[in-house]
Amino acid sequence: MQPSRLPKQRTLATRSQARILGKNFGQKITYIGGKPLFRGMKVIVNSIIPFPGFTAINLFGFVFVRKEYWDFMSENRKTITLNHESIHTRQLWECLLVFYYPLYLIEWLIRLPFGNAYRNISFEQEAYAHQEDLSYLKRTRRPYNWCSYWFKRSQEKH
Ligand SMILES: [Zn+2]
């Protein structure tokens, strides 16, 4: 899941990041029949899901994005968002789909008294930490890496 307001410095990849990510950065989204596909991930642009205030939500591997935000996002921002959601898809399968949402909710509740609960959920910490690295899932990620964030906190202020 991603809120629609993100820190400004994360809006675009820097030049050095773009170099790392490859010259095609920002053009990795393939559109088939007007609908975006990202590494085989189905993206459903719509006006209902998720709730206003959130850009995207991953439901069992299907990514729902709000049209009102999607239409105004740069290609880089879209790529980062879809990379973030594809990290969630990997986590989902590691949790055999059914355990993911209960774990997500339980961790959110546990972290709630300590502030910034959403950003501190281990699934989100991993996704945010690596969303700008397009080779993360393919090359460097260790299985179940989200577990390494259980006792960590996000460095983000919001
Ligand atoms: Zn997320």
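In this predicted model, Trp146 is in contact with Gln91, Ser122, Phe123 and Glu126, when neighbours within four places in sequence are left aside. Trp146 itself lies in the segment that comes after α7, the helix of residues 136-140. Trp146 counts as buried because 23 C-beta neighbours are found inside 10 Å, where 20 or more are required. A further relation across the chain links Trp146 with Gln125, for these two residues are 21 apart in sequence, while their C-alpha atoms are 7.5 Å apart in space.

Trp146 also belongs to the largest nonpolar core of the model, a set of eight residues in which it is joined by Ile87, Tyr104, Ile121, Phe123, Ala127, Tyr128 and Tyr149. The element that gives the most to this core is helix α6, residues 122-130, with three residues. Another member of the core, Ile121, touches Tyr104, Glu107, Trp108 and Arg111, again not counting residues up to four places away in sequence. A second core, separate from this one, has seven residues, among them Met1, Val43, Phe64 and Val65.

The strands can be followed through their pairings. Strand β1, which consists of residues 2-3, runs antiparallel to β5 and is joined to it by two bridges, with Pro3 standing opposite Phe54 of β5. On β5 there is also an antiparallel pairing with strand β6, residues 62-66, and this pairing extends over four bridges. Within it, Leu59 stands opposite Phe62 of β6, and Asn58 has Val63 of β6 as its bridge partner. The hairpin formed by β5 and β6 has two residues between the strands, and in this hairpin Phe60 takes a positive phi near 55 degrees.

Strand β6 pairs with β4 as well, but in the parallel sense, over five bridges. Here the bridge partner of Ile44 is Phe64 in β6, and Phe64 is one of the residues of the second core. Strand β6 is mostly covered, since four of its five residues are buried. Between β4 (residues 41-46) and β5 (residues 54-59) there is a loop that contains Pro50, and the peptide bond leading from Ile49 to Pro50 is cis, with an omega near -5 degrees.

Among the helices, α3 has 20 residues and spans 29 Å from its first C-alpha to its last, which is close to the 28 Å expected at 1.5 Å a residue. Helix α3 is mostly covered, with 14 of its 20 residues buried. The helix is followed by Leu96, a residue whose phi is positive, near 55 degrees, although it is not a glycine. Leu96 is found in the loop between α3 (residues 75-94) and α4 (residues 100-111). This residue is exposed, because 8 other C-beta atoms lie within 10 Å, and a residue with 12 or fewer is counted as exposed.

A positive phi of about 55 degrees is also found at Asn116, which is likewise not a glycine. Asn116 occupies the loop between α4 and α5, the latter being residues 117-120. With 14 C-beta neighbours inside 10 Å, Asn116 is partly exposed, so its count falls between the limit of 12 for exposed residues and the limit of 20 for buried ones.

Confidence varies along the chain. The mean pLDDT is 82, and 75% of the residues reach 70 or more. The highest confidence is found in α4, at a mean of 97, whereas the lowest is found in helix α1, residues 15-21, at 42. Over residues 6-27 the pLDDT stays under 50, and for this stretch the model has 19 contacts beyond four places in sequence. Where pLDDT is low, the predicted coordinates should not be read in detail.

Key. Residues are numbered from 1 along each chain as its sequence is written. This is a predicted model: local features need pLDDT of at least 70, side-chain atom pairs count only at pLDDT 80 or more; totals for chains, interfaces and linings use all residues. A nonpolar core is a set of buried Ala, Val, Leu, Ile, Met, Phe, Trp, Tyr and Cys residues joined through C-beta atoms within 7 Å. Two residues are in contact if their C-beta atoms, placed from the backbone, lie within 7 Å. Two strands pair if DSSP finds at least two bridges between them. The expected span of a helix is 1.5 Å times one less than its number of residues. pLDDT is the predictor's confidence in each residue, from 0 to 100.
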